[in-house]
Amino acid sequence: MQQEHILVVDDESSVRALLASLLERNGYAVTTAPDAEFALACLREDPGCDLVLSDIMMPGTDGLTLLDAICKDHPGMPVVMLTAVHDIHVATNAFRRGAIDYLLKPFERTQLFSVVTRAIDHGRLLKQTAAYRQNLEQIVSARTGRLRETMLDLEKSYDITLEAMGDALDLRDAETEGHSKRVTAYTIALARQLGLDADELRTVARGAFLHDIGKIATPDCILLKPGKLLPAETEIMREHCTRGYDMVRKIPFLRDAAEIVYAHQESFDGTGYPRGLAGEQIALGARIFAVADAFDAMTSDRPYRKGMSCLQAREEIARCSGDQFDPRIVAVFLAMPIDTWHDLREEVESRSSSVLAMQ
């Protein structure tokens, strides 16, 4: 076993010699120091010292000040104070400042060895605890890293599944093919400009992509009807918000995104559906989506009309600020370069990877 190292600090050479002799005969390696400054220099050279035995009353820097320095620079190193002063207040002060034991002069050999053994055992336990904690922290860090990677892989898998659901809807409604991907890209860009954080961007992106998922339950005779819908058919079509919400909210990681699915047809002035929400009653993600959705709808070709230019669509969105759209979001939208939307559209139409990765 490695020999334990003890530093003895005392201004009396006879005390230093006696302690060194007794401890060395008991198997310890001993270094002596005549004052606090010398002791601190020794500890800088050998910070792995197992125990410090220090007198309290010394000329210059006293033992309690040395104790403070050791506790600060070498936390966990056990220190036992030696003194000829029989005063409970001195002992209490030493313990309060970090000493682990107290030995009165003159002391008997058995007392010395008992105190030293306890102190070294205490120091060894502290080192073992620190090593265990460090090892545990490394294990936790490594496992947290692996868990984070697994969660990221799982999220990617979720997003691939969501894209497959969106693609299935696009296949069913060829008239709006690519709409979900484009409007998701527009929503992410607008949300980022508004300063949403990474978690909020993920929620907004997923809500935007799944906004029309409830149309899977809409009958083909209504969803694919080429002409104007009858009032009863319009009511059935409008059910897609609630149907989509009921589908998505059952999935734990999509619970927040479900609010966007539910509210994506609400209007800022309260004239939308299905709940007639107004202003900030509407989820922020849904208010952002409303602008992006309208912009994509107006700038996309349909069998019955040609899409507007980006400039015309911007003017229409500005006109509806405060009615259909949140004025604050419209202001941010109008401040963004018009080329942003053209570039995003081209990027979405050319990319083969997940549009949800754009978040």
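H12 and H14 are oblique to each other. In this predicted model, the axes of the two helices come within 10 Å and cross at roughly 50°. That angle falls outside the ranges for roughly parallel, roughly perpendicular and roughly antiparallel, so the pair is called oblique. If you want to find H14 on the screen, look at residues 327-335. H12 covers 284-299. H12 passes H14 in a right-handed crossing.

Who makes the contact? On the H12 side there are Leu284, Arg287, Ile288, Val291 and Phe295. On the H14 side there are Arg328, Ile329, Val330 and Phe333. By class, that gives 7 nonpolar residues, 2 charged ones and no polar ones.

Now a step back to the chain. The chain has 359 residues, and 43% of them count as buried. Its secondary structure comes to 15 helices and 5 strands. Take the contacts with a separation of 6 or more: 63% of them are between residues 24 or more positions apart. The exposed area is about 19000 Å², with 54% of it supplied by carbon and sulfur atoms.

Next is H7, residues 198-209. I have two partners to show for H7, namely H6 and H11.

Start with H6, which is residues 179-193. How do the axes of H6 and H7 cross? They do so at roughly 155°, and they come within 8 Å. Over 145 degrees counts as roughly antiparallel, so H6 and H7 get that description. The crossing is right-handed. H6 brings Ser180, Lys181, Val183, Thr184, Thr187, Ile188, Ala191 and Arg192 to the contact. H7 answers with Leu201, Val204, Ala205, Ala208 and Phe209. Sorted by class, the H6 and H7 contact holds 8 nonpolar, 3 polar and 2 charged residues.

The other partner is H11, residues 255-263. H7 and H11 pack at an angle of about 45°, and their axes are 8 Å apart. That makes H7 oblique to H11. Here too the crossing is right-handed. From H7, the residues involved are Thr203, Val204, Arg206, Gly207 and Ala208. They meet Asp256, Ala257, Ile260 and Val261 of H11. The class count for H7 with H11 is 5 nonpolar, 2 polar and 2 charged. Val204 and Ala208 are worth marking on your copy: they are listed in the contact with H6 and again in the contact with H11.

Just past H7 there is Leu210, in the loop between H7 and helix H8, which is 220-223. Is Leu210 buried or exposed? It counts as buried, because its relative accessibility is 1% and the cut-off for buried is under 20%. Leu210 and Val248 are 38 residues apart along the chain, yet their C-alpha atoms are separated by 8.3 Å.

For contrast, take Arg44 in helix H2, residues 36-45. Arg44 has a relative accessible area of 61%, so it is exposed; the cut-off for that class is over 50%. Arg44 also has a partner some way along the sequence. Asp73 is 29 residues from Arg44 in sequence, and the C-alpha to C-alpha distance is 9.3 Å.

Last, the peptide bonds. Most peptide bonds are trans. Two exceptions to show you, each leading into a proline. The bond from Lys105 to Pro106 is cis, with omega near -5°. Where does Pro106 sit? Pro106 is in the loop between strand S5, 101-104, and helix H5, 109-172. The other cis bond joins Tyr273 and Pro274, with omega about 10°. Pro274 belongs to the loop between H11 and H12. That loop links two helices we have already looked at: H11 packs with H7, and H12 crosses H14.

Definitions and conventions: Residues are numbered from 1 along each chain as its sequence is written. This is a predicted model: local features need pLDDT of at least 70, side-chain atom pairs count only at pLDDT 80 or more; totals for chains, interfaces and linings use all residues. Side-chain values use heavy atoms; hydrogens and water are left out. Axes are lines fitted to C-alpha atoms, for helices over the stretch in contact, and angles run from 0 to 180 degrees between N-to-C directions. Helices (H or I, at least four residues) and strands (E, at least two) are DSSP runs, numbered from the N terminus. Angles under 35 degrees count as roughly parallel, over 145 as roughly antiparallel, 65 to 115 as roughly perpendicular and the rest as oblique. A crossing is left-handed if the near helix is turned anticlockwise from the far one by less than a right angle, and right-handed if clockwise. Contact means heavy atoms within 4.5 Å. Ala, Val, Leu, Ile, Met, Phe, Trp, Tyr, Cys and Pro count as nonpolar, Asp, Glu, Lys and Arg as charged, and the others, Gly among them, as polar. Buried means under 20% relative accessible area, exposed over 50%, partly exposed in between (1.4 Å probe, protein chains only). Accessible areas come from the Shrake-Rupley method with a 1.4 Å probe; for residues, only the protein chains shown count as cover.
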